[in-house]
Amino acid sequence: MDDPLALHFQQTLARIEAAAAHCQRPAPLLLAVSKTQPAAAIRALFALGQRAFGESYWQEAQGKLAQLADLPIDWHFIGPLQANKTRPVAEHFAWAHGVEREKIARRLSEQRPPQLPPLNICLQVNLDGEASKAGVAPEDVLPLALAVKDLPNLKLRGLMCIPAPRADAAEQRAAFRRMAELLEQLRAAGIEGLDTLSMGMSDDLEAAIAEGSTLVRVGTAIFGERG
Ligand SMILES: *Cc1c(COP(=O)(O)O)cnc(C)c1O
């Protein structure tokens with residue numbers, strides 16, 4: 001295979017398969033993170049069979065979504081969600097992974113066009129309490145989930161995290177294990193329909209899969225370093 005995109009895509013799929021087989025879990029969905037990549041790269045990856053793509057900034061995504069409107073892509077918004085920027089996410093995406101406040105969820109629900117299916121959402125968890133990072137503190141996940149689970153035009157699917165980078169595989173796994181425990185806590189509280197742990201990126205997807213990731217968000221390993 002001379003085409004580096006095809007090669008890196010196949011290698012990523014193989015990594016995911018191997019990690020899932022290793023721990024006898026189902027392979028998670030691959031979300032191709034296409035931020036900073038041109039529409040042509042997304043079109044090329046779509047032609048190789050990829051359907052789910054993740055974008056982080058509406059300003060950047062807008063033109064690409066328009067250029068790719070002929071393709072049945074599942075668009076996931078994985079960036080920070082500010083209150084004044086919820087409308088395009090509600091109108092153009094199938095998923096939003098970065099919900100961290102009730103107010104944001106309410107706006108997404110109100111702004112979701114009625115002819116579209118409910119917007120799938122994940123609550124972003126700030127596992128490490130990093131001031132620089134978005135997300136709800138672990139102890140506040142349950143109250144937030146209870147507050148948003150019945151909003152009419154949303155479907156609460158699960159949790160998402162971007163843990164602090166750790167080189168040690170055991171430490172990576174410990175962070176992801178906490179996410180699995182938090183999801184269990186929500187289920188135990190009677191919240192239904194939770195099937196998603198959005199966790200694992202290019203550098204830590206094996207650890208995330210070992211702890212039950214159902215969706216890995218991978219950019220660099222597929223498209224190469226971002227410029
Ligand atoms: C950029 C980004 C990714 C992809 O990271 P890579 O290390 O390039 O795989 C995943 N999730 C989020 C939220 C991102 O912003």
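This is a short dialogue on the ligand site and overall form of a predicted model.

Tutor: Local features need pLDDT of at least 70, side-chain atom pairs count only at pLDDT 80 or more, and totals for chains, interfaces and linings use all residues. Residues are numbered from 1 along each chain as its sequence is written, and side-chain values use heavy atoms, without hydrogens and water.

Student: What makes the pair between Lys35 and the ligand a polar contact?

Tutor: A polar contact is a pair of N or O atoms within 3.5 Å; within protein, one must be able to donate a hydrogen and the other to accept it, and residues adjacent in sequence count only if both atoms are side-chain atoms. An N or O atom in the Lys35 side chain is 2.6 Å from a ligand oxygen, so the pair qualifies. Arg226 offers a polar side-chain atom 2.8 Å from an oxygen atom of the ligand. Gly219 uses a polar backbone atom, at 2.9 Å from a ligand oxygen.

Student: How do you know how much of the ligand the protein buries?

Tutor: Alone, the ligand exposes 390 Å², and the protein buries 90% of that. The areas come from the Shrake-Rupley method with a 1.4 Å probe; for residues, only the protein chains shown count as cover.

Student: Why is the protein called as compact as a globular protein of its length?

Tutor: Its fold comes to nine helices and eight strands. Its radius of gyration is 17 Å, close to the 17 Å of the globule rule for 227 residues, so the description holds. The radius is taken over C-alpha atoms, and the rule is 2.2 Å times the number of residues to the power 0.38.

Technical notes. Helices (H or I, at least four residues) and strands (E, at least two) are DSSP runs, numbered from the N terminus.
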